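Okay, everyone, thanks for coming. Let me pull up the model and walk you through a few things.

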Amino acid sequence: MDIKSSAQNSWEYVHEITGGTMKSKKIGMQALKIAIGSSLAIYIANLFGLKYSLAAGSVALLTMVTTKWKTVKLSLARVVTFIISVLMALIIFSAVESEWMAYGIYVFFVVIIAEMLGWGATISVNALIGMHFLEVRDFEFDFIANEFMLVLIGITMALVLNLFYDYGSQRKALVENMRYTEERLQMILGEISAYLANKEMQRNVWDDICALEKEVQGFIQDAYEYQDNTFQSHPGYYIDYFEMRMKQCNVIHNLHYEMKKIRHMPDEAMIISSYVFDMLVCVKEHTVPTAQLDELFAIIRNNSLPKTREEFESRAMLYHILMDLEEFLVFKRRFVDGLDDKKRKLYWDN
């Protein structure tokens with residue numbers, strides 16, 4: 001293994017360890033918030049002397065999802081569907097004596113209405129509230145208020161605890177993932193350049209491309225999570241960045257597939273190999289692609305015509321490769337051109 005491959009493997013190892021540490025930290029923080037929120041919800045419900053106080057802990061647990069905005073939306077949905085569930089319980093439990101039949105009918109309508117409204121996450125809590133009403137068959141104001149307070153305490157604890165979020169570490173991880181993606185793209189382009197120049201391959205480029213696509217998809221999810229946990233106006237920048245990289249990965253995927261079809265590498269491939277190598281600098285986030293491919297197209301057109309079918313097919317594949325390279329650069333250009341003032345500041349500050 002050469003020094004370059006060894007350094008690349010070391011970079012991958014460090015990134016894997018760092019990513020695993022961040023994930024473990026995030027899981028630990030989420031578990032701690034859920035435990036504290038659920039316990040406090042039960043404690044407060046007991047202070048108010050509410051019946052079924054343990055249910056407040058369940059509401060807090062089920063509401064405290066991974067992001068701040070989702071928690072806010074789910075909390076509002078819980079209040080609305082609580083009102084609907086109380087009305088359904090009043091109608092169904094007053095009309096049906098059999099407990100198992102009444103609860104089955106109640107749950108049927110709870111699920112139907114929640115799914116129609118796109119609030120499937122509220123089903124579990126409303127099913128629990130329905131059990132309480134079915135057990136006591138009490139629809140007086142005091143008991144309805146008791147159940148509402150359980151829901152209110154639970155969602156309040158979820159909202160308060162989800163205010164605590166490690167923005168700094170999450171943003172740092174996103175920036176590190178950006179740098180990692182750039183390094184990987186440069187490495188893959190370098191291997192493609194070597195392949196076009198008929199040099200010995202140091203790595204399996206196909207596996208590298210597929211692995212990077214999978215990793216970038218995870219980075220996109222992390223960027224969405226960061227956006228949903230902050231009230232600032234700029235976090236969409238990270239989503240745009242990784243989605244741009246995903247498009248570039250797809251282009252490289254297609255490019256490599258087309259290269260594998262070339263049976264005999266024509267002389268013009270050396271020109272494209274040199275160009276791909278020069279493109280490495282355009283991968284870096286702060287570099288705006290300005291290279292033009294018109295000259296390369298002109299050079300290939302001015303060369304002597306292919307003499308065999310194999311040469312003709314290889315030349316056609318080279319044209320496709322050039323068009324893929326152009327698309328690769330266009331995605332970067334569109335990303336840069338689409339930045340507003342706030343995102344452009346982040347672009348230069350990261």
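So, helix α6 runs over residues 141–161, and from its first C-alpha to its last it reaches 30 Å, close to the 30 Å expected for its 21 residues. Keep in mind that this is a predicted model. Plenty of α6 is buried, including Phe-143, Asn-146, Glu-147, Leu-150 and Leu-161. As a reminder, an α-helix has 3.6 residues a turn, so residues three or four places apart point the same way.

Now the cores. The largest nonpolar one has 48 residues, and Ile-192, Phe-242 and Leu-325 have the most contacts inside it. Several helices supply at least two residues each, among them α7, α8 and α13, but α9 gives the most, with twelve. There's also a second, separate core of 22 residues, which includes Tyr-103, Ile-123, Ile-129 and Leu-134.

On to the rings: we count 14 aromatic pairs. Take Phe-93 and Tyr-106: that pair is tilted, 5.3 Å centre to centre, with 40 degrees between the planes. Phe-93 sits in α3 and Tyr-106 in α4, 13 residues apart. Phe-93 is buried at 2% relative accessible area, and Tyr-106 is buried at 0%.

Then why is the Tyr-180 and Phe-219 pair called edge-to-face? Because the planes are at 85 degrees, with the centres 6.3 Å apart, and the cut-off for that label is over 60. This pair links α7 to α8, 39 residues apart, and both residues are buried. They also belong to a cluster linked by ring pairs, along with Tyr-226, Tyr-237, Tyr-238, Tyr-241, Phe-242 and Phe-335.

Note on methods:
Residues are numbered from 1 along each chain as its sequence is written. This is a predicted model: local features need pLDDT of at least 70, side-chain atom pairs count only at pLDDT 80 or more; totals for chains, interfaces and linings use all residues. Side-chain values use heavy atoms; hydrogens and water are left out. Helices (H or I, at least four residues) and strands (E, at least two) are DSSP runs, numbered from the N terminus. The expected span of a helix is 1.5 Å times one less than its number of residues. Buried means under 20% relative accessible area, exposed over 50%, partly exposed in between (1.4 Å probe, protein chains only). A nonpolar core is a set of buried Ala, Val, Leu, Ile, Met, Phe, Trp, Tyr and Cys residues joined through side-chain atoms within 4.5 Å. Rings of Phe, Tyr and Trp (its six-membered ring) pair if their centres lie within 6.5 Å; planes under 30 degrees apart count as stacked, over 60 as edge-to-face and the rest as tilted.
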